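Have the sequence and the structure open side by side. We will go through them step by step, from strands to chain contacts.

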Amino acid sequence: MRRARTLIAFALAALALAAVARAELPTGISRPDSERGLSQQDLGAQLYAGNCASCHGIGGRGVPDTNKLRGAGDVKGEGPPLAGVGAEAADLYLTTGFMPLQNPHQQPWRRKVEFTPKELAAITRYVASLAPGPPIPHPNATAGNVSTGFHLFTENCAGCHQAAAEGGYVPNARVPRIKADTPTQIAEAVRVGPYLMPKFSRRHLSDRQLNSIIAYIQALKKPDDAGGWGIGHIGPVPEGIVTWFIAAVALIALCVVIGERRRA
Amino acid sequence: MIRRVVGFLDSRSGGAPFIRATLRYLFPDHWSFLLGEVALYAFAVLLATGIYLTFFFHPSLADTVYHGSYAPLQGQKMSEAYKSVVDISFRVKAGLLIRQTHHWAADVFMAAIVLHLMRIFFTGAFRKPRELTYVVGVLLLFTTLLEGYLGYSMVDDLLSGMGLAIGYGVALSIPFIGGNLALLIWGAPFPGDPSFESRMYIAHVLLLPALIATLIVVHLVLVASRHHTQFRRPQRGAGDRRLLGVPMFPAQVPRSLGLMLGVAALLFFLGGLIQINPIWLWGPYHVAQGTNGAQPDWYLGWLIGALRLVPSFDVTIGGYTVVPNPFWGGALFPLVVLAVLLGWPWIERRISGDRGFHNALDRPRDAPGRTAFGAALLSWVFLIFFAGSADRIYLFLGWSYEAQIWIYRGLVFVLPIVVFLITRRVCRELQQIDAVDRRREAGEAETRTAGVSASRA
Amino acid sequence: MRRLRAYAFAFGAMLGVATGRGRRKRIVPEGPKAPAAELWVVALLLLSAVFAVGFIVVYATGHWPNRTQFEGIALGGSLAFMAAALIVIGKRLVVTEELTEDYPEQEHLREQVEVSQIVRESGSRFTRKRLMQGAAGAAASALGLAFLAPVLSLGPALDTDELRWSPWARGKRLVSEDGNPLKASEIEENTFYTAYPEHSSRNDIAAPVVIVRLSPQALKLPRARRGWAPQGILAYSKICTHAGCAIALYRKPTFPPIEPTPALVCPCHYSTFDPATGGSVLFGPAGRPLPQLPLAIDGAGHLRAAGNFSGPVGPSWWGVRKKPAIRPKGLE
């Protein structure tokens with residue numbers, strides 16, 4: 001009887017622990033207990049304080065060196081100031097799931113967005129309110145010219161993002177495949193230059209040129225696979241895989257069928 | 001009717017005895033003996049599709065502007081060569097099918113040659129009296145590598161331009177003569193004289209195919225004159241002296257024709273269903289442009305791997321460049337592999353002291369040293385080949401590129417030795433298992449005969 | 001009557017031939033009949049024909065989507081069915097005999113001896129063999145060289161100076177891809193630009209340069225290059241010194257304290273160059289720094305070259321380091 005009770009107690013404790021782990025782990029996000037009565041600005045400020053301030057500093061002043069400040073998930077931060085980056089950068093980093101990072105030395109990479117749309121809007125607004133900065137851009141891909149876009153893409157983007165926008169490598173970092181990005185996110189990334197990406201101002205690439213680039217990337221989302229199965233659009237590596245794992249295997253099988261031991 | 005045709009031919013050519021012997025030429029049977037045939041048929045498909053492509057390809061680097069059906073290239077400046085290949089893909093009916101089949105056939109041709117070479121190597125088929133056949137085969141492999149490289153290089157799309165730049169860098173890096181050689185081939189500093197395109201073209205569609213065809217004929221004549229090798233089947237008399245097989249006609253011909261059509265069928269299926277080298281996505285080439293992760297076709301992947309693995313250094317004497325970096329990975333490495341492969345029959349003879357004639361094949365376990373060396377060489381080349389796609393592995397699996405490169409740099413020295421030792425061990429163990437089996441069988445047979453004689457007594 | 005006799009004769013002759021053929025010993029042994037396999041073959045061949053006709057139909061009916069895929073299936077299918085028919089013939093219908101025969105003679109000793117004897121004896125009238133061989137060797141090699149000499153027309157093989165040619169020189173303006181002169185004030189930090197020499201060919205390995213701007217405090221250029229980067233604007237050859245691909249990547253940190261330093265990268269083998277220190281190699285296989293182009297800003301604020309590159313452009317060759325980049329003769 002006693003043993004049974006201990007067992008039940010253990011089981012309950014385990015369940016509780018599991019529940020806590022479950023509740024904590026997947027969302028590395030800290031939220032205000034209740035959103036009721038909070039203005040958008042206050043909600044943004046609270047979410048910022050809970051999820052961003054450990055790296056970006058109080059009021060977006062930045063954390064140039066490792067300091068004692070710890071944030072959600074006990075992250076010790078180091079990060080750039082956010083005053084003046086505007087809604088443009090905030091929207092890019094938050095809607096792609098680049099931020100928040102688990103650890104400031106990580107490369108921002110496309111992840112599931114943990115914030116709700118309402119929360120996103122609140123933080124974006126809060127960051128934009130820190131200092132005047134660029135607003136969220138509104139590119140118009142339909143106004144762009146696909147051919148001009150192709151040319152500009154090869155000129156400015158293909159070196160890192162690969163000719164068919166399938167992503168790639170630059171020393172010390174991965175380059176994302178940008179086909180999942182919305183036109184707004186592409187426009188933001190071009191103007192902001194996240195992580196190791198160069199930033200292109202309006203003087204460097206006009207809004208019209210940017211529209212063309214976006215039009216081409218939109219076209220690349222459904223590339224003209226006139227030749228059949230596109231096998232990833234990165235050229236020779238998957239072609240070699242097909243050669244060996246489909247063609248060579250099929251041919252060996254054919255040889256075995258034809259050349260198996262014959263009975264006299 | 002048949003008799004009349006034969007009679008006509010024989011009285012004009014005197015060929016009846018030859019045809020009579022050919023019909024009953026014997027083919028020993030094992031599936032792996034068909035790999036060379038696969039390569040031959042892939043070459044036939046290459047010739048047929050290649051001839052068709054020459055009717056539409058325009059080997060010229062002259063500037064032109066695209067006004068075809070593919071919208072993203074509309075109005076872009078490009079070379080005549082690139083434009084003609086885009087047109088083959090989109091405008092010429094069945095052009096894309098033939099173009100893709102041609103490219104797949106090249107990839108498969110090379111794969112079949114490599115498989116065939118592995119079969120020859122690991123069974124010791126290259127031994128006396130077939131060293132010449134083997135040497136011609138290895139030369140064929142390297143000639144076809146060059147042929148394939150020229151094939152995708154003359155299209156003048158972004159990838160092929162980058163590949164040519166690398167080829168130019170490797171040519172320049174050869175000590176003493178590199179600068180002269182590269183200028184001779186290209187006619188001017190990169191991207192070269194406009195005539196460079198026609199040089200590639202004539203080499204790709206005439207010089208090298210003629211060389212390859214000649215080497216294939218020599219290869220086949222040598223094979224036929226010494227007859228095929230075979231695995232031993234002592235109970236049926238097949239060994240070093242007697243050949244056991246099925247005759248060319250009627251047994252082998254339908255099988256070989258079936259294989260030929262099967263190879264062609266696979267290549268046309270691939271050509272129609274799986275996209276290869278979509279040059280309209282890469283765009284035209286310009287010296288100032290590049291795309292991330294530029295790769296060559298698979299059969300040159302080992303060279304890009306080697307080029308990427310060599311650490312940053314040029315050999316210099318007093319500030320004078322003697323050996324530029326690309327030489328190691330791009331020129332010396334393939335030359336070493338070529339030399340080892342070409343020299344292997346004589347190297348092995350030196351080591352084993354075996355100078356006899358061999359018509360019967362070894363099973364890989366029967367020659368642990370050779371098998372271990374072959375496996376080590378293969379693993380070495382494969383590792384470097386694999387290193388050539390480290391950037392893609394990083395992108396897809398998240399393994400740091402820099403860490404991978406350092407690991408491969410170490411493995412290049414360690415892996416072949418480990419593979420050599422393990423393979424040799426496995427071969428010897430297998431041999432011992434065989435020996436135990438044989439002794440047991442002999443023992444069982446002895447007890448059986450002993451039992452019989454005992455019961456008689 | 002005569003006609004009848006003639007018929008009978010012909011019939012008898014035919015019979016005679018037939019029976020005569022029947023008396024000959026078979027070479028290829030007889031096997032059992034396999035009517036089912038024959039039917040299979042016929043079916044496969046007909047399918048092959050259907051697919052082949054299908055290909056012609058697809059080809060003829062013109063431009064529909066996925067045309068190439070249908071063409072591939074039709075042609076591949078036709079070939080595949082014919083292959084299957086032949087394999088059935090080979091495995092079920094023709095006789096598969098296993099025969100043995102001796103391998104061909106390993107060596108023909110008599111002929112070997114005779115060949116060498118013939119060659120030797122044919123030369124018995126030559127008394128000055130050495131001299132003859134020498135003369136023949138000289139003639140053959142001279143003629144060979146004479147045949148080879150025209151090969152030199154392919155390129156300036158004897159003079160490698162052309163490898164060092166560069167269209168840049170003091171005073172050349174830098175223009176963008178669309179031909180507009182670049183102004184120093186337009187060049188921003190954290191991004192990169194491609195520029196070409198004004199009024200020169202662009203399809204030349206030494207033409208394109210990549211321009212970046214760093215804060216002047218971040219520069220660590222060699223002492224001899226002081227003044228090459230006015231306002232922190234730097235120009236480097238866009239061609240990698242490793243294997244000649246274009247430096248199409250610029251890596252710039254958003255938050256320099258914890259992110260990698262700015263770098264120019266080649267996408268072929270990932271040679272990585274440091275723009276702050278004069279193009280020195282940070283990572284990858286390149287063995288030589290990226291050639292730097294000295295810059296100046298003219299009165300109108302335009303960027304101009306202040307001289308030629310710090311070294312020859314493009315992949316390295318024998319002795320490249322000691323040699324400066326030069327202007328082609330016509331332009332000097």
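How many bridges join S5(C) to strand S10 (residues 292-293) of chain C? Two bridges do so, and the strands run antiparallel. Find Ala235(C) on S5(C) to see one such place. Opposite Ala235(C) stands Leu293(C) in S10(C). Keep in mind that this is a predicted model.

S5(C) has another partner as well. Strand S4 of chain C, residues 209-213, is joined to S5(C) by five bridges. This pair is also antiparallel. Here, look at Tyr236(C) of S5(C), which has Val210(C) opposite.

Now turn to the surroundings of strand S5 of chain C, residues 233-237. The strand is mostly covered, with five of its five residues buried. Which residues point which way? Ile233(C), Ala235(C) and Ser237(C) point one way from S5(C). Leu234(C) and Tyr236(C) point the other way. Residues of both groups are buried. A general rule lies behind such a pattern: side chains in a regular strand alternate between the two faces of the sheet.

Strand pairing also crosses between chains. Strand S4 of chain B, residues 242-247, is joined to S1(C) by four bridges. These two strands run antiparallel. Leu244(B) has Thr100(C) in S1(C) as its bridge partner.

That pairing leads to the contact between chains C and B. Chain C brings 69 residues to this contact, and chain B brings 79 residues. On the side of chain C that touches chain B, two elements give two or more residues: helix H3 (67-93) and strand S1 (99-102) of chain C. H3(C) gives the largest share, 15 residues. What classes of residue make up this side of chain C? The residues divide into 39 nonpolar, 20 polar and 10 charged.

Chain B also touches chain A. In this contact, 53 residues of chain A meet 61 residues of chain B. Several elements of chain A give two or more residues to the side that touches chain B. Among the helices are H6 (146-156), H7 (158-161), H9 (207-221) and H10 (236-259). Strands S1 (168-170) and S2 (173-175) of chain A contribute too. Which element gives the most to this side of chain A? H10(A) does, with 16 residues. By class, the side of chain A that touches chain B has 28 nonpolar, 17 polar and eight charged residues.

Key:
Residues numbered from 1 in each chain as written. Chains lettered and ligands numbered in written order. Predicted model: local features only at pLDDT ≥ 70, side-chain atom pairs only at ≥ 80, totals over all residues. Contact = placed C-beta atoms within 7 Å. Nonpolar A, V, L, I, M, F, W, Y, C, P; charged D, E, K, R; others polar. Pairing = 2+ DSSP bridges. Buried ≥ 20, exposed ≤ 12 C-beta atoms within 10 Å, placed from the backbone.
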